[in-house]
Amino acid sequence: METTQESHQSIVKAAWNKRPLIISGPCSAETEEQVLATAQRLANTGKVDILRAGIWKPRTKPGMFEGIGAKGLPWLQQAKKLTGLPTTVEVATGKQVEDALTFDVDVLWVGARTTVNPFSVQEVADALRGVDVPVLIKNPINPDLELWQGAVERVARAGIKEIGLIHRGFSSYGNTEFRNAPMWHLAIEMKRRMPGMPIINDPSHICGRRDILLATAQKAIDLDFDGLMIESHIDPDNAWSDAKQQITPERLAEMLNEIVWRREDVSSETFHMALDKLREQINHIDDELMQLISQRMHIAEKIGTYKKNNNVTILQANRWNEILDKAVKKADKLSLSEEFVTRYMDAIHMESINRQNKVMND
Ligand code: PEP
Ligand code: MN
């Protein structure tokens with residue numbers, strides 16, 4: 001498919017604004033054949049808006065495949081020519097920005113290991129000055145929203161108008177279900193802080209495996225994410241990086257069919273009326289909960305005064321164990337999860353301790 005420069009720009013714009021925005025392609029560009037075949041098979045699905053491929057790969061340990069380098073950029077150019085798909089690559093240095101732009105990469109993304117480092121983000125931002133290209137910014141590997149927001153601000157100050165976020169999960173120590181813990185509440189908070197900024201989910205790097213990809217992607221859509229970035233490969237098991245999490249273009253198409261696409265808003269009036277009623281009930285309950293919690297804290301303060309007058313410690317482990325034990329048993333009867341009730345009681349208990357601490361020491 002031959003397109004002119006100008007019409008390609010409008011394809012990029014349309015892709016950027018498409019909802020859900022679907023980005024897919026290999027973790028790494030490996031060979032020209034692999035890039036072209038992946039691009040063609042992705043294009044054949046008719047479901048992908050932007051083609052991704054890692055050219056420079058920030059790997060945890062030396063001696064692993066660190067990306068094919070600038071040599072792979074013409075392959076992406078070729079893939080674009082072949083399929084009409086806009087392209088995106090990860091950039092971590094000023095030179096990489098220059099090289100990517102020289103080879104007409106349409107969208108750039110800042111990786112998690114770069115967002116974490118303000119020096120690198122600033123270098124990328126400086127290289128972007130005066131350039132009109134959309135930039136996606138992955139969350140930093142550590143759960144620090146200020147760093148994520150800081151990276152967005154650095155890129156915005158360089159004059160980039162079209163900025164989006166990618167939620168790819170956060171590093172943690174030890175083996176868990178996820179390669180990178182999603183910590184959905186952080187992505188939700190980032191959405192709240194940056195209203196109107198597109199945020200897409202990268203279930204591939206969150207999961208690190210194929211069997212829970214669909215459920216994770218579905219969760220993102222249920223949380224009103226604007227799209228998905230999912231790694232795909234013509235021969236996933238033999239990929240040179242991230243082999244465990246990649247899927248074939250055809251499996252991607254199937255998965256996208258299996259997802260239930262939900263919208264944040266629908267226009268049906270009866271739906272809104274029913275929703276408003278239920279929300280009103282929730283508002284009342286929240287109000288009552290707050291009042292009860294406030295009462296509880298006042299009582300805790302009174303106890304604090306008694307403890308102070310009798311020189312008794314704030315924390316009494318037996319009493320706390322007893323409360324927690326009772327709460328967990330009750331939770332089961334009320335079909336509340338043990339995990340939730342424990343977290344909830346913990347927060348209440350900590351606040352009681354803080355209040356009593358004030359009573360005792362102020
Ligand atoms: C990638 O997208 O292949 C990648 C390296 O991602 P992240 O920056 O999220 O680790
Ligand atoms: Mn990867």
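**Exercise 1. Where does ligand 1 sit?**

Find the place of ligand 1 in this predicted model, then describe the space around that spot.

*Solution.* Step one: ligand 1 sits in the largest pocket. Step two: give that pocket a size, which comes to a volume of about 640 Å³. Step three: look at the walls. The lining of the largest pocket is made of 31 residues, and the ones nearest its centre are Thr 60, Arg 113, Arg 179, Asn 180 and Asp 242. Two elements, α5 (112–115) and α9 (203–207), are the ones that give two or more residues to this lining. Step four: sort the lining by class, and you get 12 charged, 11 polar and eight nonpolar residues.

**Exercise 2. Which residues are around ligand 1?**

List the shell, sort it by class, and then check how much of the ligand the protein covers.

*Solution.* Start with a cut-off: a residue counts as near if one of its heavy atoms lies within 4 Å. Going along the chain, the residues around ligand 1 are Cys 27, Arg 52, Lys 57, Glu 90, Trp 109, Gly 111, Ala 112, Arg 113, Lys 138, Arg 168, His 205 and Glu 231. Sorted by class, that shell holds seven charged, three nonpolar and two polar residues.

Now zoom in on some side chains that meet oxygen atoms of the ligand. For Arg 168, a side-chain N or O atom is 2.6 Å from a ligand oxygen. For Arg 52, the distance is 2.7 Å, and for Lys 57 it is 2.8 Å. Last step: on its own, ligand 1 has 290 Å² of accessible area, and the protein covers 97% of that.

**Exercise 3. Which peptide bond is cis, and which residue that is not a glycine has a positive phi?**

Track down both backbone features and say where each one is.

*Solution.* Take the peptide bond first. Going from Arg 19 to Pro 20, the bond is cis, with omega near -10 degrees. Pro 20 belongs to the loop between α1 (5–17) and β1 (21–25).

Next comes phi. Asp 224 isn't a glycine, yet its phi is positive, at about 70 degrees. You'll find Asp 224 in the loop that runs between α10 (213–222) and β8 (227–231).

Notes:
Residues numbered from 1 in each chain as written. Chains lettered and ligands numbered in written order. Predicted model: local features only at pLDDT ≥ 70, side-chain atom pairs only at ≥ 80, totals over all residues. Heavy atoms only, no water. Polar contact = N/O pair within 3.5 Å; in protein donor to acceptor, adjacent residues only side chain to side chain. Areas by Shrake-Rupley, 256 points an atom, 1.4 Å probe, with all protein chains shown as cover. 1 Å grid on protein atoms, 1.4 Å probe; cavity = no way out; pocket = protein on both sides within 12 Å on 5 of 7 lines; lining within 4 Å. Sits in = over half its atoms within 2 Å of the grid points. Nonpolar A, V, L, I, M, F, W, Y, C, P; charged D, E, K, R; others polar. Points joined across faces, edges and corners; volume = space filled by probe spheres on them. Helix = DSSP H or I, 4+ residues; strand = E, 2+ residues; numbered from the N terminus.
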